[in-house]
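Please report on the empty spaces, the nonpolar core and the backbone outliers of this protein. Keep it brief.

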Amino acid sequence: MQKVQIKKTDLHVSALCMGGCPLGGYGWGDVSRQELINAVRTALDNGINFFDTADTYGLGESERTLAEALGADSHKAVITTKFGVRVENGKTFYDNSREYVFQAVEASLKRLNRDYIDLYQVHYRDGKTPLADVAESLEILKDQGKIRYYGLSNIHAEDAEELKQFSTNPFVSFQDEYSLACRKNEQEMFSFRDEFEMTPFTWGSLGQGILSGKYDKNCRFDANDRRSRDIYVNFHGEKLLKNLEIVEVLKEIAGETGKSVSSVAIRWILDYLNDSVVIVGAKTPKQVLQNAESLSFSLTAEQIDRLEKISKE
């Protein structure tokens with residue numbers, strides 16, 4: 001099993017992380033709670049020890065489902081969850097205030113049935129709380145033993161400017177959308193990794209599923225699947241057609257390697273963005289096993305080059 005040591009920590013995690021958004025049971029079409037639990041167990045049984053979730057996924061349901069699935073084996077898993085997306089009275093907004101961070105961590109610990117969180121991440125910045133204040137709040141939680149390390153999610157240029165103000169950057173990781181279908185954040189991903197010594201995590205690593213090879217230009221989704229909305233550009237218009245061109249090359253390479261299409265898409269990230277962790281959601285054990293194939297091979301320079309050319313935005 002390919003492992004990555006998260007920089008500035010003693011955390012050794014599988015290079016493939018199981019994403020917990022589908023565990024929330026909302027927005028990904030019909031899901032079976034038992035299948036979700038089985039998927040988590042399959043991941044753990046096959047060497048995937050890293051699980052990413054957030055308090056806002058299913059309004060806490062993802063954390064609860066993950067805890068139930070791990071059960072007595074929770075100590076074998078490295079868990080990262082996120083805070084900063086607040087829902088009150090039907091309204092959603094971002095909040096990084098100390099008061100809310102302290103409230104959010106207690107709620108997540110209870111749902112996860114844990115005494116501490118391995119890695120606590122700022123889900124989204126709220127646009128008003130300075131990063132130094134956020135770090136100060138997180139240091140308090142670290143001193144209290146409620147979290148071990150902390151990181152950033154959905155990074156932006158202004159985050160880089162604020163990180164430069166720290167004499168020693170206390171954030172150990174960052175994550176953002178990155179895949180063959182979305183390379184707009186590529187420069188920032190390399191910059192944050194190299195300049196600030198942070199381990200990159202990628203979400204949307206299969207382009208919300210378009211890079212799995214399961215869909216064609218006639219794909220349609222039910223209203224309870226977020227991908228039916230135009231904001232999920234990977235499944236609509238010219239972007240969909242471009243993605244399907246990428247999928248054709250992925251299928252060619254899958255044939256050459258004897259691996260699944262999704263595992264080739266994941267492997268490209270691991271080979272191209274070194275020292276990264278790829279986050280991929282899964283709804284079934286079969287999907288977990290297909291994705292896990294990515295950790296058993298590497299792409300050739302020629303295969304990487306073919307995917308590089310076809311996916312350039």
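N113 counts as exposed, at 66% relative accessibility. This holds for a predicted model. The residue sits in the loop between α3 and β8 (117-122). Its phi is positive, about 55 degrees, although N113 is not a glycine. Most residues other than glycine have a negative phi.

K8 also has a positive phi, near 65 degrees, and is likewise not a glycine. K8 is placed in the loop between β1 (3-5) and β2 (12-14). Its relative accessible area is 39%, so K8 ranks as partly exposed, that is, between the cut-offs of 20% and 50%.

P200 is buried, with a relative accessible area of 0%. It belongs to strand β11 (residues 199-203). Leaving out residues up to four places away in sequence, P200 touches F174, M189, R193, L273, D275, S276 and V277. F166 is 34 residues from P200 in sequence, and their C-alpha atoms are 19 Å apart.

**Core**

The largest nonpolar core holds 92 residues, and Y120, L138, F171 and L211 touch the most other members. Helix α7 (residues 237-257) gives the largest share of this core, eight residues. What does L138 contact beyond its neighbours within four places in sequence? The partners are F83, V101, Y120, V122, I147, Y150 and F171. Two of those names, Y120 and F171, also appear among the core members with the most contacts.

**Helix α9**

Helix α9 (residues 285-292) has these buried residues: P285, Q287, V288, N291 and A292. Seen down the axis of α9, they fall within an arc of 160 degrees, so they line one face of the helix. In general, an α-helix has 3.6 residues a turn, so residues three or four places apart point the same way. The cover over the buried residues of α9 includes β3 (16-19), α1 (33-45), α8 (261-272) and β12 (277-281).

**Empty space**

Rolling a probe the size of a water molecule over the atoms shows where empty space is left. A search of the whole structure finds one cavity of 30 Å³ or more. The largest cavity has about 50 Å³ of space. L16, C17, M18, A43, I48, V280, A282, V288 and N291 line it. V288 and N291 are also buried residues of α9. Both β3 and α9 supply at least two residues of this cavity's lining. The largest share, three residues, comes from β3.

The second largest pocket is an open space. Its volume is about 210 Å³. Of its 13 lining residues, D55, V85, V87, Y100 and R111 are the closest to the centre. β6 (85-88) and α3 (98-112) each supply at least two lining residues. Which element gives the most to this lining? Helix α3 does, with five residues.

The two linings divide by class as follows.

| Space | Nonpolar | Polar | Charged |
|---|---|---|---|
| Largest cavity | eight residues | one residue | no residues |
| Second largest pocket | six residues | three residues | four residues |

The cavity lining thus has no charged residue. The pocket lining has four. D55 and R111 are named among the pocket residues closest to the centre.

Definitions and conventions:
Residues numbered from 1 in each chain as written. Predicted model: local features only at pLDDT ≥ 70, side-chain atom pairs only at ≥ 80, totals over all residues. Heavy atoms only, no water. 1 Å grid on protein atoms, 1.4 Å probe; cavity = no way out; pocket = protein on both sides within 12 Å on 5 of 7 lines; lining within 4 Å. Points joined across faces, edges and corners; volume = space filled by probe spheres on them. Helix = DSSP H or I, 4+ residues; strand = E, 2+ residues; numbered from the N terminus. Nonpolar A, V, L, I, M, F, W, Y, C, P; charged D, E, K, R; others polar. Core = buried A, V, L, I, M, F, W, Y, C linked by side-chain atoms within 4.5 Å. Buried < 20%, exposed > 50% of the residue type's maximum accessible area, 1.4 Å probe, protein only. Contact = heavy atoms within 4.5 Å. Arc of directions from axis to C-beta.
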